[in-house]
Amino acid sequence: MIMFQGKVAFITGAGSGVGRAAALAFAREGARVAVVDLDSANAQETVHLVQAAGGHAVSVQADVCQAAQMESAVHTTVETFGRLDCAFNNAGVVIDEQGHLMAAVSPEERERIIAMHPIGRLAQAEEVAEAAVWLCSNRASFLCGSIVMVDGGYTVQ
Ligand SMILES: NC(=O)c1ccc[n+]([C@@H]2O[C@H](COP(=O)([O-])OP(=O)(O)OC[C@H]3O[C@@H](n4cnc5c(N)ncnc54)[C@H](O)[C@@H]3O)[C@@H](O)[C@H]2O)c1
């Protein structure tokens with residue numbers, strides 16, 4: 001049974017990485033998806049990937065730091081699909097403990113960060129996306145006010 005038949009998901013940062021993987025995962029489960037990102041070309045590419053897999057999506061360029069743009073993005077979503085059921089507020093930048101952008105860390109620092117995870121590797125985008133799909137679904141109906149760590153064991157050491 002698919003989880004989001006007839007429903008609409010709003011995903012920020014869906015032009016890349018975890019957000020793109022989530023757009024594909026929500027669409028696979030039947031959701032129509034608003035692909036929201038600062039980068040409109042990447043957002044459009046995600047829409048193409050969703051459509052190529054048989055799903056429905058619309059790209060919306062918006063900056064999550066700008067309230068008016070987010071309000072407009074929500075309006076566009078509801079105008080396009082007629083409703084909005086869930087949001088995955090995923091957009092952001094990845095930094096290390098010192099505040100350096102992860103894309104800029106040295107290979108040695110990257111190895112050190114990986115070694116801090118008992119599982120011995122970083123996450124695949126799809127592994128994080130699956131948690132978001134489940135949390136937004138009725139299958140998580142009794143989960144309320146909890147934080148679910150999807151961190152390869154980083155916080156349980
Ligand atoms: N990848 C990791 O190891 C990791 C670890 C911890 C947390 N996270 C968090 O997970 C989220 C996704 O990470 P990712 O690896 O997929 O990153 P990514 O860089 O691949 O994707 C982030 C997306 O967000 C978009 N974006 C950035 N700022 C935005 C803004 N102001 N408004 C709208 N869109 C914006 C970017 O254009 C990009 O498409 C981020 O919030 C990140 O902080 C990632």
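Author: Welcome! Let's start with an angle rule: two helices whose axes meet at under 35 degrees count as roughly parallel, while 65 to 115 counts as roughly perpendicular. Keep in mind that the structure above is a predicted model.

Reader: Thanks! At what angle do helix 1 and helix 2 pack?

Author: Helix 1 (residues 17-28) and helix 2 (residues 40-52) pack at an angle of about 30°, and their axes are 10 Å apart. Helix 1 and helix 2 are therefore roughly parallel to each other. The crossing in which helix 1 passes helix 2 is right-handed.

Reader: And how do helix 1 and helix 5 cross?

Author: Here the axes of helix 1 and helix 5 (residues 125-136) come within 8 Å, crossing at roughly 55°. That angle makes helix 1 oblique to helix 5. Helix 1 passes helix 5 in a right-handed crossing.

Reader: Now the strands, please. In what order do they lie in the sheet?

Author: Four strands form an open sheet with parallel pairing, and their order is 3-2-1-4. Strand 3 and strand 4 (86-88) stand at the edges with a single partner strand each, so one side of each has no neighbour in the sheet. From one strand to the next, the twist averages 20°.

Reader: How many bridges link strand 2 and strand 3?

Author: Strand 2 (residues 32-37) and strand 3 (residues 56-61) pair over six bridges, in the parallel sense. To get from strand 2 to strand 3, the chain goes through helix 2, and this β-α-β crossover is right-handed.

Reader: Which residues could I use to follow that pairing by eye?

Author: Try Val 33, which stands opposite Ala 57 in strand 3. Then look for Asp 37, which stands opposite Gln 61 in strand 3. As you trace a strand, here is a general idea: in a regular strand the side chains alternate between the two faces of the sheet.

Reader: Last one: how many residues surround the ligand?

Author: The ligand is surrounded by 21 residues, and the closest are Gly 13, Ser 16, Gly 17, Val 18 and Gly 92. The shell divides into nine nonpolar, nine polar and three charged residues. Our friend helix 1 returns here: with three residues, helix 1 gives the most to this shell.

Terms used: Residues numbered from 1 in each chain as written. Predicted model: local features only at pLDDT ≥ 70, side-chain atom pairs only at ≥ 80, totals over all residues. Near = placed C-beta within 6 Å. Helix = DSSP H or I, 4+ residues; strand = E, 2+ residues; numbered from the N terminus. Nonpolar A, V, L, I, M, F, W, Y, C, P; charged D, E, K, R; others polar. Pairing = 2+ DSSP bridges. Right-handed = clockwise from strand over helix to strand, strands pointing away. Axes fitted to C-alpha atoms, helices over the stretch in contact; angles between N-to-C directions. Parallel < 35°, antiparallel > 145°, perpendicular 65-115°, else oblique. Left-handed = near helix turned anticlockwise from the far one by under 90°.
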